[in-house]
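This short report introduces a protein model to a reader who has not met it before, beginning with the interior and ending at the surface.

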Amino acid sequence: MRKKEIWRRGVIAAILVVITMLLSYENVMDTWDAGVSDSINQDGGNVSRNIYIIGIDDKTLQEYGRISAWGRELSGQLVEKLNENPEARPAVIGFDVIYSESSDEEGDQYFANACREAGNVVAACSFAFKEQPETDESGSVSYNPLYTDYVILPYEELQENVNIGFANTTVDRDGYVRQAMFEMNQDGETVYSLAFQIYKQYQEAMGLEVEEPDTYGKENLFYFSYAGVPESYTMISMADVMDGKVDTRIFKDSIVLVGAYAVGMQDSFYPAITHNSSMYGVEIHANIIQAFMEGETKLPVNKWLYAILTGLLCGAFFLLTDKGKILWSTAALVVLLAGNVVLVKVLYGLGYIAPVILLPLALVLIYFVQLIRGYLSEYMRRKRVVDAFKQYVAPQVVDKISKDKGFELVLGGENRHVAVLFVDIRGFTTMSESMEPEQVVEILNEYLSLTTKSIFDNEGTLDKFVGDATMAVFNAPFPLEDYIFKAVCAAWDMKQGAAVIEEKCLQRYGKSVAFGIGVNCGNAVVGNIGCDFRMDYTAIGDTVNTAARLESNAKRGQILISADVYEVVKDRVEVTPIGEIPLKGKSQNVFVYQLDGVKKETEK
């Protein structure tokens, strides 16, 4: 398969991985991702000093009893006390308490009148939802998770004298609050969330512009940034306010939220900004209000655009790591992972919530796939090279090849100085005509075993068998120390071993076997000759031809070496000069020597 095709498929695979992961993201990874996103993005800031919380805390409950037993006069008195100074009254008073049922007529009316006189009160309602099947115009059935089962509203007298917002808290599947609903439609009328209604009323009171947040989905949801951790906002006990221990002028032109601030009232949730401590519902409303004031509402990034961009980035990473070294691939992975964090924070600052762990997971997956693929590719490369050479290269050479990461089994060759050895059985054709085929094979196998062992023992490369002839190359495919002398030693080992084979043949078959051997050295072209599906590692050139001619001129049991070989090994061999002899294919005669002995003890 061509490299471009491999790359194309790899890039497509990377993109498909990302898209597949994204499709399962909302169901599998969103809760994990949300937690990581919280730790990166929800770092808080400075809570607004224009937002106060009057808490219905333990002190208040101890002084006034359970809230369900209170008369509405107490809430009315709180409104009056906060508004008693016309020059220093709050811009908005928001009750995160649902006054849903009438208690006593006098108290209810008192509270309603106080709110009417103040004109700055927002009260809470609550929607009760259930999943309801709905049929559209085409007849398709879908389930609406926000079908309003019923609404808990303030009692009628209070409704007429306050603005109303729903106080429902949106809890994500992992149990944390990081987004909220903006508005709901009730009987054709828009009902804002309690936080937005308070924000809207505050902005209008202060003569500021009201900006509605962008939302997504049927639920009209948005994400928001927390301004502070639990108990960051200034909280004043309602009991202290009612007892006159607080100068109400501090609330001038501010937002005052009244709500539960005691554990027993069971109005606490786990905020996204801190996963190990809860936050009272009234504090969450305060954070949402401040997010409206500071424009810190967020939307999820378009998932398909993100998937495409992430897929392209993963495809680029695939190409980068396809042939890259582990060090560079690891460095690229670290840079991209760090860049992902920066990107997430930048997008968050621009008002978008982006997946945090999707890209890292995809990158890490690609990294390990490439790592494994690289190891497998290297393993297969080595196996291919070893399989190709193990039939004709000495084991130690094969081992060296398998460990050389730079060695490639490709067509073509290189010009290299080598020693070449040819050996042939003298009279083999005549002998084979008078013997049984099985006997011929047995003799031939013993002969080939001897020549192969002699070559391998001296670290040579078994180039080929040609009938009863054997060709060997020394100093290829890898450099070999003292290779010319080792070629001579291999020839001498063959001569010594031939005596044993000859004795066996005489005893078994009454036939004698002898070798003729030629050794030459010089430059030759060595490499893989052939085609993609059938290659043969060999050496070609005049050096090889001369070695073959020396072998053909050698008599039974004779080893002929060229003058070039002799000049290198003359101090370690015993020879008999033969003189110049004509060689077929050579225009000039070649001076040759007969090898009579080898001094292996002086071998380097």
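## Contacts of F474

Two residues are said to be in contact when heavy atoms of theirs lie within 4.5 Å. In this model, which is predicted, F474 touches V418, A419, L421, I455, N458, E459, G460, L480, Y483, K486, A487 and A490, where residues up to four places away in sequence are not counted.

## Nonpolar cores

F474 also belongs to the largest nonpolar core, a set of 46 residues in which L421, F474, F515 and I517 have the most contacts inside the core. Helix 16, which covers residues 483-509, gives the most to this core, contributing 13 residues.

A second core, separate from the one just described, has 39 residues, and F111, A118, A123 and F127 are among them.

## Cysteines

The structure holds zero disulfides. Of the cysteines, C125 counts as buried because its relative accessibility is 1%, and C505 likewise counts as buried because its relative accessibility is 4%; the cut-off for buried is under 20% relative accessible area.

## A nonpolar patch on the surface

At the surface, L305, I308, L309 and L312 make a nonpolar patch of about 390 Å². One of these residues, I308, lies in helix 10, which runs over residues 303-322.

Is I308 buried, partly exposed or exposed? With a relative accessibility of 48%, I308 counts as partly exposed, because that class lies between the limit of under 20% for buried and the limit of over 50% for exposed.

How values were computed: Residues numbered from 1 in each chain as written. Predicted model: local features only at pLDDT ≥ 70, side-chain atom pairs only at ≥ 80, totals over all residues. Heavy atoms only, no water. Patch = residues over 30% accessible without salt bridge, like charges linked within 9 Å, V, L, I, M, F, W, Y side chains within 5 Å. Areas by Shrake-Rupley, 256 points an atom, 1.4 Å probe, with all protein chains shown as cover. Salt bridge = Lys/Arg side-chain N within 4 Å of Asp/Glu carboxyl O. Helix = DSSP H or I, 4+ residues; strand = E, 2+ residues; numbered from the N terminus. Buried < 20%, exposed > 50% of the residue type's maximum accessible area, 1.4 Å probe, protein only. Disulfide = S-S within 2.5 Å. Core = buried A, V, L, I, M, F, W, Y, C linked by side-chain atoms within 4.5 Å.
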